[in-house]
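Let's take a relaxed walk through a protein model, starting with one residue and working outwards. Keep the picture in view as you read.

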Amino acid sequence: MSNLGIRLSDVGHRAEALPVSEEAVEICRRLAVGNPAAYEPNLAHSLTVLAMVAMRWGDLSGALRVTAEAVELYRRRIVTTPTLLPKLHTVLKLQALVLDKLGRPEDAETVRRWLGEDPLPPGSHN
């Protein structure tokens, strides 16, 4: 359902893209309450998609808020699930872009510095 929000946004259907993305986040949130280990990565992915949609349609503060939540979820799970590192990198790159667009280049550079200091292992993809 998360990816449907991106697809709708890609074809210019803002009126449908944002609610679909928000609904995916809410569904994942409810699932994560009952089983955080299983569903928090899905919630983080849905938040990343919501941030992409929000950014495309000009809601930069909303995009920053949800990227921060996704980053926190991925960082919490990365210890037990290191395969999430590429997804963490993806959301951090998005967060840096949002920070730039918000006129916060120093904060964006801090995020990029972390990405440079903690690169993906060879063979990882994001």
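## Starting from Gln 95

If you skip the neighbours within four places in sequence, Gln 95 is in contact with Leu 64, Thr 67, Ala 68, Val 71 and Val 111. Keep in mind that this is a predicted model. Gln 95 itself sits in helix H5. Is Gln 95 buried or exposed? Its relative accessible area is 10%, so it counts as buried, the cut-off for buried being under 20%.

One of those partners, Val 111, deserves a visit of its own. You'll find Val 111 in helix H6, which covers residues 105–117. With a relative accessibility of 11%, Val 111 is buried too. Which residues does Val 111 touch, leaving aside those within four places in sequence? They are Leu 92, Gln 95, Ala 96 and Leu 99. Take Leu 92: along the chain it is 19 residues away from Val 111, yet the two C-alpha atoms are separated by 6.7 Å.

## Helix H4 and its buried residues

Now for H4, which runs over residues 60–78. Its 19 residues should span 27 Å at 1.5 Å a residue, and the C-alpha atoms at its ends are 26 Å apart, which agrees. Quite a few residues of H4 are buried, including Leu 64, Thr 67 and Val 71. You've met those three names already, as contacts of Gln 95. Other buried residues of H4 include Leu 60, Gly 62, Ala 63, Val 66, Ala 70, Leu 73 and Tyr 74. What do the buried residues of H4 pack against? They pack against H3 and against helix H5, residues 85–101.

Arg 77 also belongs to H4. Its relative accessibility is 16%, so Arg 77 counts as buried, since the limit is under 20%. Apart from neighbours within four places in sequence, Arg 77 is in contact with Pro 36, Ala 37, Glu 40, Pro 41 and Leu 84.

## Helix H3 and a look at H1

H3 takes in residues 36–56, 21 of them. From its first C-alpha to its last it reaches 29 Å, close to the 30 Å expected at 1.5 Å a residue. Just after H3 comes Gly 58, with a positive phi of about 90°.

Tyr 39 has its place in H3. At 31% relative accessible area, Tyr 39 is partly exposed. Not counting residues up to four places away in sequence, Tyr 39 touches Cys 28, Leu 31 and Ala 32. Glu 16 lies 23 residues from Tyr 39 along the chain, and their C-alpha atoms are separated by 24 Å.

Over in helix H1, residues 2–10, sits Ile 6. Its relative accessibility is 8%, and Ile 6 counts as buried. Which residues does Ile 6 touch, not counting those up to four places away in sequence? The list is Val 49, Met 52, Val 53 and Arg 56. Leu 102, on the other hand, is 96 residues from Ile 6 in sequence and 22 Å away in space, C-alpha to C-alpha.

Here are the pairs mentioned so far, side by side.

| Pair | Separation along the chain | C-alpha to C-alpha |
|---|---|---|
| Val 111 and Leu 92 | 19 residues | 6.7 Å |
| Tyr 39 and Glu 16 | 23 residues | 24 Å |
| Ile 6 and Leu 102 | 96 residues | 22 Å |

## Stepping back

Time for the whole protein. How many helices and strands are there? The count is 6 helices and 0 strands, and along the sequence the pattern reads α-α-α-α-α-α. The radius of gyration is 14 Å, close to the 14 Å that the globule rule gives for 126 residues, so the protein is as compact as a globular protein of that length. Along its principal axes, the C-alpha trace spans about 40 × 40 × 25 Å.

Of the 126 residues, 41% are buried. Looking at contacts between residues at least 6 apart in sequence, 56% join residues at least 24 apart. The accessible surface comes to about 6900 Å², and carbon and sulfur atoms account for 56% of that area. As for charge, the protein has 15 positive and 15 negative charges, and the mean positions of the two sets are 2 Å apart.

How values were computed:
Residues are numbered from 1 along each chain as its sequence is written. This is a predicted model: local features need pLDDT of at least 70, side-chain atom pairs count only at pLDDT 80 or more; totals for chains, interfaces and linings use all residues. Side-chain values use heavy atoms; hydrogens and water are left out. Helices (H or I, at least four residues) and strands (E, at least two) are DSSP runs, numbered from the N terminus. The expected span of a helix is 1.5 Å times one less than its number of residues. The radius of gyration is taken over C-alpha atoms; the globule rule is 2.2 Å times the number of residues to the power 0.38. Buried means under 20% relative accessible area, exposed over 50%, partly exposed in between (1.4 Å probe, protein chains only). Contact means heavy atoms within 4.5 Å. Accessible areas come from the Shrake-Rupley method with a 1.4 Å probe; for residues, only the protein chains shown count as cover. Lys and Arg count as positive and Asp and Glu as negative; His and the chain ends are not counted. The place of a charge is taken as NZ of Lys, CZ of Arg, CG of Asp or CD of Glu.
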